[in-house]
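Visitor: I would like to go through this model term by term. Please set each value against its definition.
Guide: Gladly. Here is the structure.

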Amino acid sequence: IIGGGPAGLINALSLLSLGAPAASVSVHEKRGAPSRDIWFDVASASVNSLVAGHDSLAFLLSLGLLPGGHDLFDLRAADHPDVDGRGGRILTLPCAALEAFLAMCLELLGARVSRADPARPEDPLPPGTLLIVATGTAPPPFDIPSLPPPSVHTPSKDWAPPSPHATLIVTLPPLPSGACPPHHDVDPYAVGFDLFGGHGVTSAFKRFFHGHCELQIFFALGAPPAGEAAIDAVLSQILSPPSPKPSYTHRRFEVLPRRLERVAGSVGGGSDFIVVGDAALSAHYRLGIGVNLAVMAAEALLPALVAGGAGIAAYEREASAVYERAELAMARFIKLESECNLVLFEDEAFRRDFETRTYEFIEEEDIERWCLSY
């Protein structure tokens, strides 16, 4: 398994649950230790629209991952019950702590998690090896080809793929008490009412939990490069009080949905490969999409591999459909939110009314007309 993030580790655990001998499962991770200070959402079935209603949350909970969990790994979580009015639930988790927890589970079961050990395309693979590529945002190794991103479909028009889109992850240091800076409970899209014209900001999602103080800021396509002025403008709306000017660090991601030409197949030496999570999808437009998809692959798709010689073909068929649906949805999010200035929730779109500072539902058949006029 190439990649020791949540996607790779969850798939490793699934292989053990399917009966793979522990000594035959190894995870190769280029980072020396779990270090990513990122929180992401794991969703239950009714709110997991990008992964066909799969209950990723139930699968993780079945591994012993409990809300308010183990202090040893800082597995504290923000639990959001009934977020959709139908009993839907989201658990927001710290990435590094989840990686440490999953790695410990694997090591207790006898599998090998090797850190500071990147896999290289020239490394020989013994015949019969199943290679699971879970490399996050890095290009998948072993020359697995990719295709251009899909176009976005509306009732009467196929739009060209969205251009590369910039999103920022902003990290603020916690207070001496360990708490995040005082902040308002702001609608993530409300900042767009004030900042869309001046800084091209369409939305900003907080991840202020247990001393992990992060903000993900999204910008309109074609907006000028985001500098400190844009970040300061967002923070001035979210932090309370906004002064003195806070210190922060930020990382910039280029986002463009990308679907692999193949999510399963063979590499040199007669070895098979499958591709999971962010390796099959550039998922930084919404944190956690790749992880939720990887959980779905682990639980629902990996069993196809134990079906004998037809296993890889069955996985290819099912997983390709899953990732294609997710990528089309991602391309739609980027196009409609960042180029047409619409707000998307689940499968519905809303127009931002700047005069009344409200959202107005827009019918599917009117989206194209709105985008063209906008």
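Guide: Start with Arg 76, which is found in the loop between helix H2 (56-62) and strand S3 (78-81). Helices (H or I, at least four residues) and strands (E, at least two) are DSSP runs, numbered from the N terminus. This is a predicted model, where local features need pLDDT of at least 70, side-chain atom pairs count only at pLDDT 80 or more, and totals for chains, interfaces and linings use all residues. Residues are numbered from 1 along each chain as its sequence is written, and side-chain values use heavy atoms, with hydrogens and water left out.

Visitor: Why is Arg 76 called partly exposed?
Guide: Its relative accessible area is 32%. Buried means under 20%, exposed over 50%, partly exposed in between (1.4 Å probe, protein chains only). The value 32% falls in between, so Arg 76 is partly exposed.

Visitor: How far apart are the C-alpha atoms of Arg 76 and Leu 98?
Guide: They are separated by 9.8 Å. Along the chain, the two residues are 22 apart.

Visitor: What makes Cys 180 and Cys 213 a disulfide?
Guide: A disulfide is a pair of cysteine sulfur atoms within 2.5 Å. The sulfur atoms of Cys 180 and Cys 213 are 2.2 Å apart, so the pair counts as a disulfide.

Visitor: Which hand does the disulfide of Cys 180 and Cys 213 have, left or right?
Guide: The torsion about its S-S bond is about -100°, so this disulfide is left-handed. The pair links distant parts of the chain, 33 residues apart. Cys 180 sits in the loop between strand S9 (165-172) and helix H4 (191-199), and Cys 213 in strand S11 (residues 212-219). Both Cys 180 and Cys 213 are buried.

Visitor: How do you know that Cys 340 and Cys 371 are joined?
Guide: Their S to S distance is 2.1 Å. That meets the disulfide cut-off, so the pair qualifies. The torsion about this S-S bond is about 115°, so the disulfide is right-handed. Cys 340 lies in the loop between helix H7 (311-338) and strand S15 (342-345), and Cys 371 in helix H8 (residues 364-373), so parts 31 residues apart in sequence are tied together.

Visitor: Why does Cys 371 count as buried?
Guide: Because its relative accessibility is 10%, under the buried limit. Cys 340 is buried too, with a relative accessible area of 1%.

Visitor: How many disulfides does the structure hold, and what is the pairing?
Guide: The structure holds 2 disulfides. With the bonded cysteines numbered in sequence order, the pairing is 1-2, 3-4.

Visitor: What makes a set of residues a nonpolar core?
Guide: Its members are buried Ala, Val, Leu, Ile, Met, Phe, Trp, Tyr and Cys residues joined through side-chain atoms within 4.5 Å. The largest such core here has 64 residues. Among those with the most contacts inside it are Leu 106, Ile 274 and Val 276. Helix H6 (residues 289-301) gives the most to this core, with 9 residues. A second, separate core of 24 residues includes Ala 190, Ala 204, Phe 219 and Ile 231.

Visitor: What does Val 276 touch?
Guide: Contact means heavy atoms within 4.5 Å. Leaving out residues up to four places away in sequence, Val 276 touches Ala 7, Asn 11, Ile 132, Val 133, Ala 134, Ala 297, Tyr 315 and Tyr 323.

Visitor: Why are S10 and S12 placed at the edges of their sheet?
Guide: Two strands pair if DSSP finds at least two bridges between them. The open sheet has 4 strands in the order S10-S11-S9-S12, with antiparallel pairing. Strand S10 (201-209) and S12 each have a single partner strand, so one side of each is left without a neighbour in the sheet.

Visitor: How do you know that S10 and S11 pair?
Guide: 8 bridges join S10 to S11, and the definition asks for at least two, so they pair. The two strands run antiparallel. Phe 209 stands opposite His 212 in S11.

Visitor: What is notable about phi of Asn 341?
Guide: Phi of Asn 341 is near 55°, a positive value in a residue other than glycine. Most residues other than glycine have a negative phi, and most peptide bonds are trans. Asn 341 lies in the loop between H7 and S15. Its relative accessible area is 1%, so Asn 341 is buried.

Visitor: Where is there a cis peptide bond?
Guide: It joins Ser 240 and Pro 241, with omega about -5°. Pro 241 is found in the loop between helix H5 (228-238) and strand S12 (249-255).
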